Amino acid sequence: MRVAVAVAFRRARLQHVYSVLRGKDLETGKVTATRRQEQFNRLAQAHTKVLDLTSWHEFFQCVTAAGFRSRKMITSDNALLYSYTIWLIGRHDFGLPVDELRPVIARWFFMAHTTGRYSNSPESQMEFDLGRIGSLLPGDGRAFTAELDRIITANFTGDYWDISLPNRLDTSSSRSPVLFAYQAALNILDAEMLFGDQRIRDLLDPSVQPAKAVGRDNLFHRKALAGMGITDRRQVNAIANMAYVTWPADELPNTDAPRDYWPRITYAMDPKVLERQVRWHALPVGWEQLDYFTFLERRRRLIAKVVREAFETLTGERPVYVPTTPADMIAAGESQGTEFKASARWNVHTREADKSLRHNIVKAVCGFLNGEGGNLYVGVADDGTVLGIENDLTTLEVDQADRDNSARPQRSDLYSIE
């Protein structure tokens with residue numbers, strides 16, 4: 001129902017369904033019997049598209065192409081359903097062939113699932129995405145693809161790969177979206193298990209055998225860590241201490257530190273095989289000799305690079321990432337890492353200074369600091385309209401010369417706090 005309503009009426013909030021099926025025009029508020037029948041017909045046509053098994057299986061080829069080969073890897077049903085919605089719109093309203101649609105939807109799902117795009121306020125976020133698509137000319141498949149890629153790029157910025165993703169990997173959760181992004185990356189790259197020749201993707205292929213958990217194990221054994229005085233479960237089972245590994249039979253009972261077992265196991269390995277496994281499994285140079293917490297920090301950064309490398313293969317090339325401009329970020333809309341505030345000190349409704357608004361700014365900054373960081377734009381309305389900060393500047397208790405000097409290096413209509 002959620003997907004059908006989105007496809008038929010470009011609405012994500014199910015609260016609108018009753019009004020729509022009563023025959024109410026959501027723009028004018030007028031209810032008519034003729035419109036009621038038209039709305040039911042549109043919903044019926046949308047249901048036919050949504051429940052078409054051929055469409056569903058073709059969409060799942062996009063999910064598989066994104067490296068997600070098992071239901072256990074998907075933590076967000078909303079990301080799945082809303083990506084299917086966008087696939088249906090691209091296929092039926094923009095006329096994109098399945099082969100052209102597959103890579104862009106693969107990129108979209110990878111981004112939406114990894115960043116948690118539909119985890120907080122999912123209906124509002126999807127309404128925004130539907131609005132961006134709805135502004136395009138029907139049938140213009142190239143514009144549709146370009147718009148999706150524009151949103152993807154605005155979320156997968158250089159800072160996301162270099163800062164946000166490594167920070168999000170600082171967890172021990174076995175159900176973290178970023179952990180599954182890494183697993184999907186290894187599937188895309190057709191990576192082998194560490195120390196073995198079995199492909200990770202084969203362990204998750206439900207058409208071959210029932211899906212089961214991939215063998216993740218500690219690189220620094222818990223007993224070795226205990227000898228260092230590290231016993232906290234979160235630290236021991238950190239994502240960066242876990243690898244998809246096949247231990248040699250004679251190594252299974254060992255609890256040695258990496259500096260002891262690593263040279264012993266790798267001595268007889270083919271150097272080329274070892275080189276690619278070290279790269280895929282994001283092992284820093286000389287990692288077995290590193291201090292544990294230094295190892296975790298460096299490996300998180302390398303894991304993020306592997307995820308980025310795999311994602312970039314979905315574009316068919318290795319694009320050069322350039323700094324995303326404020327205009328790009330605003331065009332992509334609010335998200336978990338981007339927030340808009342109309343003003344900091346000026347009440348846009350009462351048209352006068354309101355110092356209490358400063359608390360909203362502080363709360364937003366604290367929210368980012370307590371989370372994974374983000375971008376706060378002051379002088380931008382919720383819908384992305386740039387309002388400027390001229391009114392805010394008039395409330396500052398400084399003389400005009402100081403105000404002009406402080407504002408001169410930057411644009412006067414927009415500030416970004418990162």
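## Salt bridges, worked through

In this predicted model, Arg102 and Asp99 pair their side chains in a salt bridge, 3.4 Å from N to O.

**Exercise 1.** Work out how far apart Arg102 and Asp99 sit along their helix, and sort each one as buried, partly exposed or exposed.

*Solution.*
- Start with the helix: both belong to α6, residues 98-115, and because they are 3 residues apart, about one helical turn separates them.
- Now the accessibility of Arg102: 22% relative accessibility, so call Arg102 partly exposed.
- Asp99 comes in at 58%, so this one is exposed; the cut-off for that label is over 50%.

**Exercise 2.** Take the salt bridge between Asp190 and Arg199, and find which residues share a network with this pair.

*Solution.*
- Check the distance: N to O is 4.0 Å, and the rule asks for within 4 Å.
- Look at exposure: Asp190 has a relative accessible area of 29%, so it's partly exposed. Arg199, at 26%, is partly exposed too.
- Then follow the links: salt bridges tie Asp190 and Arg199 into a network with Glu192 and Arg276.

**Exercise 3.** Describe the Asp256 and Arg264 salt bridge, then set it against the whole protein's count.

*Solution.*
- The closest N and O atoms of Asp256 and Arg264 are 2.9 Å apart.
- Asp256 is partly exposed at 26%, and Arg264 is partly exposed at 40%.
- Zooming out, the count comes to 18 salt bridges, in a protein of 418 residues, of which 46% are buried.
- For the backdrop, the secondary structure has 20 helices and 7 strands.

Note on methods. Residues are numbered from 1 along each chain as its sequence is written. This is a predicted model: local features need pLDDT of at least 70, side-chain atom pairs count only at pLDDT 80 or more; totals for chains, interfaces and linings use all residues. Side-chain values use heavy atoms; hydrogens and water are left out. Helices (H or I, at least four residues) and strands (E, at least two) are DSSP runs, numbered from the N terminus. Buried means under 20% relative accessible area, exposed over 50%, partly exposed in between (1.4 Å probe, protein chains only).
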